[in-house]
Amino acid sequence: MAVVGCLGDILFQVSDQTITAINNVKWSGSARYSTHQRHNGNALTEFTGVEPDRMSFEIILPEERGKGARTELKKIWEYKRSGEALPLTLGTRPYGKYRWTILSLDLTVVNTDAKGNFISGTVAIELQEYLER
């Protein structure tokens with residue numbers, strides 16, 4: 001099995017038995033500026049800081065032997081609801097200055113069983129950088 005990254009204890013991995021892949025990774029950030037109006041002159045722009053970075057990606061959650069996609073989805077859901085700050089690693093390096101929190105998730109169900117229970121799907125996750133105090 002090759003682990004290609006992780007968010008907390010959610011592994012992105014590839015093996016002959018499972019593929020929990022990460023796709024469409026987007027990392028964005030922005031600067032913050034204030035504009036001060038001046039009488040009879042040009043406005044003055046001042047750099048006031050940096051907004052927390054954001055990252056978004058999709059995780060493919062296939063039905064695995066002995067461990068269903070529902071288990072991983074439940075972990076993601078609990079991380080979002082608790083606001084827990086998680087380390088993010090892609091490849092061999094950590095991303096961000098400290099950790100990340102899950103702002104949102106969006107599940108697309110790909111397969112269900114005969115009773116309509118979720119078996120596999122894709123979860124789109126949006127993260128926001130969480131810095132140490």
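This report walks through a predicted model of one protein chain, from its overall make-up to its pocket and a few individual residues.

## About the model

Because this is a predicted model, local features need pLDDT of at least 70 and side-chain atom pairs count only at pLDDT 80 or more, while totals for chains, interfaces and linings use all residues. Residues are numbered from 1 along each chain as its sequence is written, and side-chain values use heavy atoms, with hydrogens and water left out.

## Overall make-up

Let's begin with the whole chain. Its secondary structure consists of one helix and 10 strands. Here, helices (H or I, at least four residues) and strands (E, at least two) are DSSP runs, numbered from the N terminus. Reading from the N terminus, the order is β-β-β-β-β-β-β-α-β-β-β.

The protein chain has 133 residues, and 31% of them count as buried. Buried means under 20% relative accessible area, exposed means over 50%, and partly exposed lies in between (1.4 Å probe, protein chains only). About 8600 Å² of the protein chain is exposed, with carbon and sulfur atoms supplying 48% of that area. These areas come from the Shrake-Rupley method with a 1.4 Å probe, and for residues only the protein chains shown count as cover.

Contact means heavy atoms within 4.5 Å. Among contacts in the protein chain with a separation of 6 or more, 59% join residues 24 or more positions apart.

## The largest pocket

Now for the empty space. Rolling a probe the size of a water molecule over the atoms shows where such space is left. The largest pocket holds about 160 Å³. On a 1 Å grid over the protein atoms alone, a pocket is an open set of points with protein on both sides within 12 Å along at least five of seven lines, whereas a cavity is a set where a 1.4 Å probe fits but cannot get out; lining residues have an atom within 4 Å of a point. Grid points are joined across faces, edges and corners, and the volume is the space filled by probe spheres set on the points.

The lining of the largest pocket is made up of W27, V50, E51, P52, D53, G96, K97, E129, Y130 and L131. Strand 9 (93–112) and strand 10 (118–130) are the elements that give two or more residues to this lining. By class, the lining has five nonpolar, one polar and four charged residues. In this scheme Ala, Val, Leu, Ile, Met, Phe, Trp, Tyr, Cys and Pro are nonpolar, Asp, Glu, Lys and Arg are charged, and the others, Gly among them, are polar.

## Aromatic pairs

The structure holds four aromatic pairs. Rings of Phe, Tyr and Trp (its six-membered ring) pair if their centres lie within 6.5 Å; planes under 30 degrees apart count as stacked, over 60 as edge-to-face and the rest as tilted. F12 and F57 are edge-to-face, because their ring centres are 5.9 Å apart and their planes meet at 75°. This pair links distant parts of the chain, with F12 in strand 2 (residues 10–14) and F57 in strand 7 (residues 54–61), 45 residues apart. F12 is buried at a relative accessible area of 0%, and F57 is buried at 3%.

Y33 and F47 also form an edge-to-face pair, 5.5 Å centre to centre with 65° between the planes. Y33 sits in strand 5 (residues 31–36) and F47 in strand 6 (residues 44–50), 14 residues apart. Y33 counts as exposed at 52% relative accessibility, while F47 is partly exposed at 47%. Ring pairs also join W27, Y95 and W100 into a cluster.

## Residues to look up

A69 lies in helix 1 (residues 69–82) and is buried, with a relative accessible area of 3%. Its C-alpha atom is 6.1 Å from that of I119, although the two residues are 50 apart along the chain. Beyond four places in sequence, A69 touches L61, P62, E63, F118, I119 and S120.

Strand 9 offers T101, which is buried at 12% relative accessible area, and P94, which is exposed at 57%. Leaving aside neighbours up to four places away, T101 touches G83, E84, A85, E126, L127, Q128 and Y130, and P94 is in contact with L88 and T89.

Finally, two residues that are not glycines have a positive phi: N24, at about 50°, and N40, at about 55°. N24 lies in strand 4 (residues 22–28), whereas N40 is in the loop between strand 5 and strand 6 and is exposed at 72% relative accessible area.
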